[in-house]
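Biologist: Hey, got a minute to walk me through this model? I have the sequence and the structure open.
Modeller: Sure, pull it up and ask away.

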Amino acid sequence: MGGLLRYTDSMQNNPESIRLLRHAGEQEDDSLDIAQTALALAVIDRPHDRLESAREALDLLLAQARSAGCPKALDDQLAILRHVLVVQNKYTGDENHHDDARATNLADVLERRRGSPVALGILYLHIAGKMGWAMTGLDLSGHFLLRLSAQDGQVVIDPFRAGQTCLIEEAPLDDLENLLFDEPDPPALLDLSSELLRPLSRRAVLLRLQHSVKRRLLMQDRIEGAIGALQSMILFAPRQQDLWRELGYLQAERGHLRAAINALEVVRDLAPQAIAVPQEDSMLRELRWRLN
């Protein structure tokens with residue numbers, strides 16, 4: 001499906017990132033290298049010489065973690081993650097991450113050591129995954145958190161706040177005061193069966209990162225950039241119908257009729273046979289009429 005994309009000029013100048021992202025799109029989620037995929041996204045419209053230095057920074061983080069051993073106990077695993085990322089390397093949350101594009105670009109985050117919750121979370125997930133520890137991203141009513149599980153328990157942490165542990169109390173979904181932070185030891189285990197906590201696959205974490213990039217570009221009326229962000233997402237998540245739909249609408253808005261038609265045809269192809277897509281069918285008829 002990626003072959004149907006009409007890449008932006010900046011993306012065409014970086015075939016290596018396109019290759020890496022397309023390869024990620026062919027992998028099962030458990031096999032997806034979240035940090036390397038995030039780096040491919042970070043440099044897809046930039047000079048590729050930044051990729052090697054960013055990979056070296058990732059390798060250094062992993063080497064520092066491995067030098068502390070590979071403990072099985074939850075507290076020891078959490079202590080290593082915090083020591084490497086917070087104490088040794090001073091990674092911290094960027095309070096301006098909603099406005100600063102660098103906060104969601106992993107190459108920039110590795111250089112500046114400041115980032116958005118998701119970008120920082122990818123560093124935690126990278127180390128934990130390579131160490132063989134069980135960690136997953138969590139969506140808590142719009143907040144991005146991480147769950148670390150070990151043989152003696154599990155804990156939810158906030159990568160944006162130096163890996164602080166979180167207590168989550170049952171409360172209405174719109175009551176975000178139910179998110180509490182307690183350092184260093186929480187007085188009770190979390191209710192990890194809470195419906196507030198929605199586990200995220202590695203692909204979903206990367207999509208969340210890129211959705212924030214796309215939203216910022218749309219707010220700045222940079223439609224071509226938003227189209228590129230959607231194309232990059234489709235490369236590693238080629239069967240996400242909503243991505244193709246939004247791409248089709250944006251391509252139509254820019255007057256790229258053939259590209260819009262291609263995208264909306266994919267939406268129709270991805271839809272289950274029992275589910276009609278009348279809005280897309282109607283728009284396809286209009287676009288074909290305009291094209292002729």
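Biologist: Let's start with Ala 73. Is it buried or exposed?
Modeller: Neither extreme: Ala 73 counts as partly exposed, because its relative accessibility is 24% and buried would need under 20%. Keep in mind that this is a predicted model.

Biologist: Where does Ala 73 sit in the fold?
Modeller: Ala 73 is in the loop between α4 and α5, the latter being residues 74-88.

Biologist: And what does Ala 73 touch, leaving out residues up to four places away in sequence?
Modeller: Ala 150 and Asp 152. Ala 150 is 77 residues away from Ala 73 in sequence, yet their C-alpha atoms are 6.2 Å apart in space.

Biologist: OK, on to Gln 88. Which helix is that in?
Modeller: Gln 88 belongs to helix α5. Its relative accessibility is 38%, so Gln 88 counts as partly exposed.

Biologist: What are the contacts of Gln 88, not counting residues up to four places away in sequence?
Modeller: Gln 88 touches Gln 64, His 83 and Arg 113. As for Leu 61, it is 27 residues from Gln 88 in sequence, with 9.3 Å between the C-alpha atoms.

Biologist: Arg 113 caught my eye. What is its phi?
Modeller: About 60°, a positive value, although Arg 113 is not a glycine. Arg 113 lies in the loop between α6 and β2, and at 32% relative accessibility it counts as partly exposed.

Biologist: Which residue other than glycine also has a positive phi near 60°?
Modeller: Asp 221 has one. You'll find Asp 221 in the loop between α8 and α9. Asp 221 is exposed, because its relative accessible area is 59% and the cut-off for exposed is over 50%.

Biologist: Let's zoom out. How many helices and strands are in the protein?
Modeller: Twelve helices and eight strands. Of the 292 residues in the protein, 51% are buried.

Biologist: How much surface does the protein expose?
Modeller: About 14300 Å², with carbon and sulfur atoms supplying 48% of that.

Biologist: What share of the contacts with a separation of 6 or more comes from residues 24 or more positions apart?
Modeller: Such residues account for 58% of those contacts.

Biologist: Now the inside. How many residues are in the largest nonpolar core?
Modeller: That core has 80 residues. Leu 110, Ile 122, Leu 123, Met 135 and Phe 236 have the most contacts inside it. Helix α7, residues 117-131, gives the largest share of this core, with ten residues.

Biologist: Which residues does Ile 122 touch, not counting those up to four places away in sequence?
Modeller: Ile 122 touches Ile 34, Ala 35, Ala 38, Leu 106, Val 205, Leu 206 and Leu 209. Ile 34, Ala 35 and Ala 38 are in α3, where they meet Ile 122, Leu 125 and His 126 of α7.

Biologist: At what angle do α3 and α7 pack?
Modeller: About 145°, with the axes 8 Å apart. The residues of that contact divide into five nonpolar, one polar and no charged.

Biologist: How many residues of α3 are buried?
Modeller: Eight of its nine, so α3 is mostly covered. Among the buried ones are Thr 37, Leu 39 and Leu 41. The buried residues of α3 pack against α2, α4, α6, α7, α8 and α9.

Biologist: Different topic: cysteines. How many disulfides does the structure hold?
Modeller: Zero. Cys 166 is buried, with a relative accessible area of 1%, whereas Cys 70 is partly exposed, at 44%.

Biologist: Which core is Cys 166 part of?
Modeller: Cys 166 is in a core of six residues that lies apart from the 80-residue one. Leu 138, Leu 145 and Val 156 are also among its members.

Biologist: Last one: where is Ser 141?
Modeller: Ser 141 is in the loop between β3 and β4. Ser 141 is partly exposed, with a relative accessible area of 34%. Leu 197 is 56 residues from Ser 141 in sequence, and their C-alpha atoms are 7.8 Å apart.

Terms used:
Residues numbered from 1 in each chain as written. Predicted model: local features only at pLDDT ≥ 70, side-chain atom pairs only at ≥ 80, totals over all residues. Heavy atoms only, no water. Core = buried A, V, L, I, M, F, W, Y, C linked by side-chain atoms within 4.5 Å. Buried < 20%, exposed > 50% of the residue type's maximum accessible area, 1.4 Å probe, protein only. Helix = DSSP H or I, 4+ residues; strand = E, 2+ residues; numbered from the N terminus. Contact = heavy atoms within 4.5 Å. Axes fitted to C-alpha atoms, helices over the stretch in contact; angles between N-to-C directions. Nonpolar A, V, L, I, M, F, W, Y, C, P; charged D, E, K, R; others polar. Areas by Shrake-Rupley, 256 points an atom, 1.4 Å probe, with all protein chains shown as cover. Disulfide = S-S within 2.5 Å.
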